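Could you walk me through this fold, strand by strand, and then show me how its interior is put together? A friendly tour in plain paragraphs would be ideal.

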Amino acid sequence: QVQLVESGGGLVQPGGSLGLSCAASGIIFRLYTMAWYRQAPGKQRELVAQITSRGVADYADSVKGRFTISRDNGKSTVYLQMNSLKPDDTAVYYCNVDHFGNYWGQGTQVTVSS
C-alpha cells in the first residue's frame with residue numbers, strides 16, 4: 001500500500017522560507033519520479049516541481065530560482081525548500097507519485113501573509 005506523508009508548512013511572512021518533507025512507503029522509492037503539486041482556493045491543482053529517480057529536477061516557471069526539490073533515497077523522502085515566498089504561493093501542497101496510478105499525500109497548508 002502506497003503512503004505519502006507530508007510535514008512542514010505553516011504561516012510565513014512574504015520573503016520568508018519554509019521547508020516541506022514527504023515520506024513515502026509502499027514503493028521502491030529510488031525508482032520513482034517524485035513531485036510536489038499545489039492547489040490554491042478556487043484554482044486547479046498545479047505541478048510545482050518534480051525530481052526523477054536520477055535526481056534531475058524540473059520546476060514551474062513561477063517558482064524557478066526560489067524553490068528547490070531534493071530527495072534522500074535512503075530515507076524514502078522528498079523535500080521542497082521554498083525561499084523568497086510570495087502571497088501567491090499560498091496553497092495546499094501535495095506530494096505525488098505515479099505508481100500504476102496517481103497517489104497523493106494528505107496535503108499541507110502553506111500560507112504566505114503579513
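Six bridges hold β4 and β9 together as an antiparallel pair. Keep in mind as you look that this is a predicted model. To find your place in the pairing, look for W36, whose bridge partner in β9 is C95.

On to the partnership of β4 with β5: these two strands also run antiparallel, and five bridges join them. Here a handy landmark is Y37, which stands opposite L47 in β5. The hairpin that β4 and β5 form has six residues between its strands, and G42 takes a positive phi near 75° there. If you like to check backbone torsions, that glycine is a good one to plot.

Now turn to another sheet. An open sheet of four strands follows the order β1-β3-β8-β7, and its pairing is antiparallel. Which strands stand at the edges? They are β1 (3-8) and β7 (67-72); each has a single partner strand, so one side of each is left without a neighbour in the sheet. On average, neighbouring strands here are turned by 15° against each other, with direction ignored. Within this sheet, β3, covering residues 18-25, pairs with β8, covering residues 77-82, in the antiparallel sense over six bridges. G19 gives you a point of reference, since G19 stands opposite Q81 in β8. As background, strands of a sheet pair through backbone hydrogen bonds, either parallel or antiparallel.

What about the interior? The largest nonpolar core has 31 residues, and those with the most contacts inside it are M34, W36, V78, L80, M82 and Y93. You have met W36 already, as the bridge partner of C95. The elements giving two or more residues to this core are β3, β4 (34-39), β5 (46-51), β7, β8, β9 (91-98) and β11 (108-112).

Let us finish with a histidine. H99 lies in the loop between β9 and β10 (102-104). Is H99 buried or exposed? With the cut-off for buried at under 20% relative accessible area, H99 counts as buried because its value is 18%. Leaving aside its neighbours within four places in sequence, H99 is in contact with V2, I27 and Y32. With Y32, there is also a polar contact: the side chains of H99 and Y32 are joined at 2.5 Å. That pair makes a good last stop for a closer look at the model.

Notes:
Residues numbered from 1 in each chain as written. Predicted model: local features only at pLDDT ≥ 70, side-chain atom pairs only at ≥ 80, totals over all residues. Heavy atoms only, no water. Pairing = 2+ DSSP bridges. Axes fitted to C-alpha atoms, helices over the stretch in contact; angles between N-to-C directions. Core = buried A, V, L, I, M, F, W, Y, C linked by side-chain atoms within 4.5 Å. Buried < 20%, exposed > 50% of the residue type's maximum accessible area, 1.4 Å probe, protein only. Polar contact = N/O pair within 3.5 Å; in protein donor to acceptor, adjacent residues only side chain to side chain. Contact = heavy atoms within 4.5 Å.
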